[in-house]
Structures are given as structure tokens and as C-alpha cells.
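Q: Please take one part of this structure and look at it closely, strand by strand and residue by residue. I would like a single connected account that begins with the chain and then moves to the part itself.

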Amino acid sequence: MGTVVSIDLADELPPAVLETMIGDTCQWLHEVDRRFSTYRDDSEVSRFRRRELTLEECSPDMRHVLEACADLWRETDGYFDAYAAGPLDPSGYVKGWSVEIASARLAEAGSVRHCVNAGGDIRVRGLAASGKPWRVGIRHPWEADKLSWVLSVTDCAVATSGTYERGDHVVNPRSGKPARGLRSVTVVGPDLAIADAYATAALAMGEPGIGWLAKLVPDGYESAAVTEDGRAFSTAGLPAAV
Amino acid sequence: MRRSTAAAVGTLTGAALIVGVRLSVSAPAVPTAAPPAVDLAGSGQDAKPDPTKKPSSKKPAKNDADDDADDAGASSDNEGSSGEAGGSGLKDGVYKGAAVRNPYGTIQVSIKVQGGKITAADATYPTAGESATINPPAVTALKQETLKAQSAEVNAVSGATFTSESYVKSLQAAIDDANA
């Protein structure tokens, strides 16, 4: 089971150049899938799980991912947990990280205006084709075709975690019980992997997650959350579009 | 101005845990503009201490705030009555609600009535224990607002991870189509 990545390049470059960029990006994302998928027996993650690889034998990327997961586990008081489901599953970090790298590589290749959306987790750079900041909608947590916020963003990441697609499958790793209280959490900030992990952690915390999100503001991470009974909250600095 | 859009299906592992997809769920009882201080205080439950019942709190009719606070289902009923239904007219003074315990601590709401109108509302929050670190920031840094359901034009949609299957029906898919 995979997800879908949409790549929108707004640079004024020849079509052939843009197509090459998209091709390279897709190639990178498929490479990430081969190396980090928990669904592939021969991925590095699967081999590490089976202890066929020691930490020293892992690739630098893999070691980075493991370290980042450990850091986030501490930073979120254990609510972001790559071992929440039992065996190691760093997917929650790898997705955002791979898109961050994809966006950085696009920039290196000359694309300074793009939007990469990996299954609802978004990294934008520069301005949209309109010449204005990118307009990113946050899906309404009950009505799939509606938006509950519209953001105006450039050079940042937008990540949303919600219980509406996974049902009760978001688990509070500290209690082992399904996460309750929040329906949807969106975090906006400089790094997609971190924003995504924060959103997942807050969701797992339940309603106390709203208070926890407030503490991220000084680090540059703004947020919006919707409770299960339909109350909406947002930080004052959320870059809402006018 | 050139632009180009492409979708790569079947990449990444992020959605690996997804089992079911729910696309349409009935809309929630969306609270209207309730006084934020009061609602925040209620956290898990709905902050019942309606201004309306405070003056009449001598009659213990609705006094069991602890019990009915638990069933959030009743929220929409109470919502409408906040504010006006005080029919008999509110007497000037400061009223304190019963201290209500919720999973995060004990909260007490108070209101000030002047000239028959509520002129101020306040709530006390836990100052000790785990809750103390959780509640105050929620009050100061995240403001409550009305949940909107809008259809604006956007470049991209952020939402809980969509699977390849649910992508097909998503707003993002429609945007990609339009750009292709």
C-alpha cells in the first residue's frame, strides 16, 4: 500500500527541464520506498529489523533516520514512537524526510518554485504560478471535499495527521489505546519530517495535545487542531490566507 | 509561465498502516461561537456552566454538572441556550459555577453580570500536577474559532495521509487533474 505524490513546478523553465526534474524526483521517491519500506523484505529497514545489519553497517541515511526518530521520541515525551506498533517502523519520519530531500534536490537542480504533496503532507518553495504564495487548504475533518483552513505559505512545510483516514488505528503509544479527543492536527513549520512527527504526536496525546502544540510556536511551528466534537483551535501565527 | 504536474503512484511507505478509508462521515455538531474561555475550560466535556443556570443554581435541578458533563452528545442542545435563555433576567453580581473535574484537572467558571448582561467570564485552571503544564498554554496560545467548511481555490490540500485508493476521490486529485 502506497500513497500518491503530486509535484507542481511553477518555474519558468523549458518543459524538457521540468520533466527531467520530475523524473529525478520520482526516481528518488521510489528509491526511498525500496530502501525504507516495511513491506519489502529486502529493504534496509526490514534487514535491520531482522538484525541482518548492525547499526554500523547501515547506510548514513538509515542512521540519520534512526537518530531522528530517537530525538523525536524524546522531544514528544514518547508520543512519536517508531516502535509504537511493535517492530521498528520509521515510516512516520521517512515520508516527510524524503520529501524534504526531494525539495532540496529540486532547488539544487534549479527549481525554486515548487510544491510537493506526499499524501497530504506538503513542502512548498518560492511562489506559486500565480506569482503569489502557495495556497494550501487543510482538509475538513468530516467533509472530504471541504476545507477548514486555507493557508498562504512559501518555503515551509504543512503536515496533517487525522483519525478520519485511519479510524482508531492511531494509537497512544504510552497507553497502547486508540488516540481519542482530537480529530485532526496540522503543523506548519520549516521541516516537513518534524512537522509531521509533531502532528502525529499531538494527535496521539488527545486533547492535551492542543496545549503541547502551543509550546512549539517559539521553535517556528504553528498549528491548527480540531477536536472530535468539532471545536477548532489555531495558533495566532498560523499563516491563514486572507 | 510554464508549469508541469505529475503524480507518482505507489511510492513511499507512509500510508503503510492505513487499513480502512472513510470518506463520508456525518457532520459533527459544530459549536457556534461559544465563549472561548468557557469551552476551553471544559476540554473533554462540554463546558456546561451556562450563564443561564448559574443564577438559578439554588435550585439543584441541573446541579449535577459532573454527570451530564460526561455525555458530550448533549452538546448541541446546550449550545443554543447559552446567552439568551436566561428569560427571567440575570441579577447583577458575580456567579461561580460548581467546580467541575475533568481528566485534566478541576475547573471553575465564573461570570460577572451587570445590567442583566454577562460582562465577563473567567475560568480557573489547575495550577499543580500534570494538567498545569497542559492547560494554560492551550488557553493562551491556541485560540478557539468556529470550524469552517469552505470551498476555496487552492494549489494543494493537506490532510491525513491518503492511500492510493482514497487519493482518487480526494480534492488533491481534482487539483492535479485541473493542472495536468
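**Chain B and the strands it pairs with**

A: Chain B contains six helices and seven strands, and along the sequence these follow the pattern β-α-α-α-β-β-β-β-α-β-β-α-α. The model is a predicted one. Of the 180 residues of chain B, 42% are counted as buried, and the chain exposes about 9500 Å², of which carbon and sulfur atoms supply 53%. When contacts between residues at least 6 apart in sequence are considered, 51% of those in chain B join residues at least 24 apart.

The part to look at closely begins with β7(B), which belongs to an open sheet of three strands in the order β5(A)-β4(A)-β7(B), with mixed pairing. The edges of this sheet are β5 (147-153) of chain A and β7 of chain B, each of which pairs on one side only. Neighbouring strands in the sheet are turned by 30° against each other on average, if direction is ignored. The contribution of chain B is joined to β4 (residues 134-139) of chain A by three bridges in the parallel sense, and within this pairing I138(A) stands opposite S158(B) in β7(B). Helix α6 (residues 171-179) of chain B packs on the sheet, where it touches β5 of chain A together with β7 of chain B, and its direction makes about 165° with that of β7(B).

Leading into this strand is the loop between β6 (142-145) and β7 (156-158) of chain B, and N155(B) lies in that loop. Is N155(B) buried or exposed? With a relative accessible area of 18%, N155(B) is buried, because the cut-off for that class is under 20%. Beyond its neighbours within four places in sequence, N155(B) is in contact with residues of both chains, namely A128(A), P133(A), W134(A) and R135(A) in chain A, and Q172(B) and I175(B) in chain B. For R135(A), the backbone nitrogen lies 2.7 Å from a polar atom of the N155(B) side chain.

The strand at the other end of the loop, β6(B), also pairs with chain A: four bridges join β6(B) to β9(A), and the two strands run antiparallel. Here S234(A) has K143(B) in β6(B) as its bridge partner, while A224(A) is likewise a bridge partner of S234(A) in β9(A). The latter pairing belongs to β8 (residues 222-227) of chain A and β9(A), which are joined in the antiparallel sense over three bridges. These two strands of chain A form a hairpin with four residues between them, and G230(A) in the turn has a positive phi of about 85°.

The side chains of β9 (residues 232-235) of chain A can be read in the same way. In a regular strand, side chains alternate between the two faces of the sheet. In β9(A), A232(A) and S234(A) point one way, F233(A) and T235(A) point the other way, and all are buried.

In summary, β7(B) pairs in parallel with β4 of chain A, β6(B) runs antiparallel to β9(A), and N155(B) lies in the loop between these two strands of chain B.

Notes
Residues are numbered from 1 along each chain as its sequence is written. Chains are lettered from A and ligands numbered from 1 in the order in which they are written. This is a predicted model: local features need pLDDT of at least 70, side-chain atom pairs count only at pLDDT 80 or more; totals for chains, interfaces and linings use all residues. Side-chain values use heavy atoms; hydrogens and water are left out. Buried means under 20% relative accessible area, exposed over 50%, partly exposed in between (1.4 Å probe, protein chains only). Contact means heavy atoms within 4.5 Å. Accessible areas come from the Shrake-Rupley method with a 1.4 Å probe; for residues, only the protein chains shown count as cover. A polar contact is a pair of N or O atoms within 3.5 Å; within protein, one must be able to donate a hydrogen and the other to accept it, and residues adjacent in sequence count only if both atoms are side-chain atoms. Two strands pair if DSSP finds at least two bridges between them. Axes are lines fitted to C-alpha atoms, for helices over the stretch in contact, and angles run from 0 to 180 degrees between N-to-C directions.
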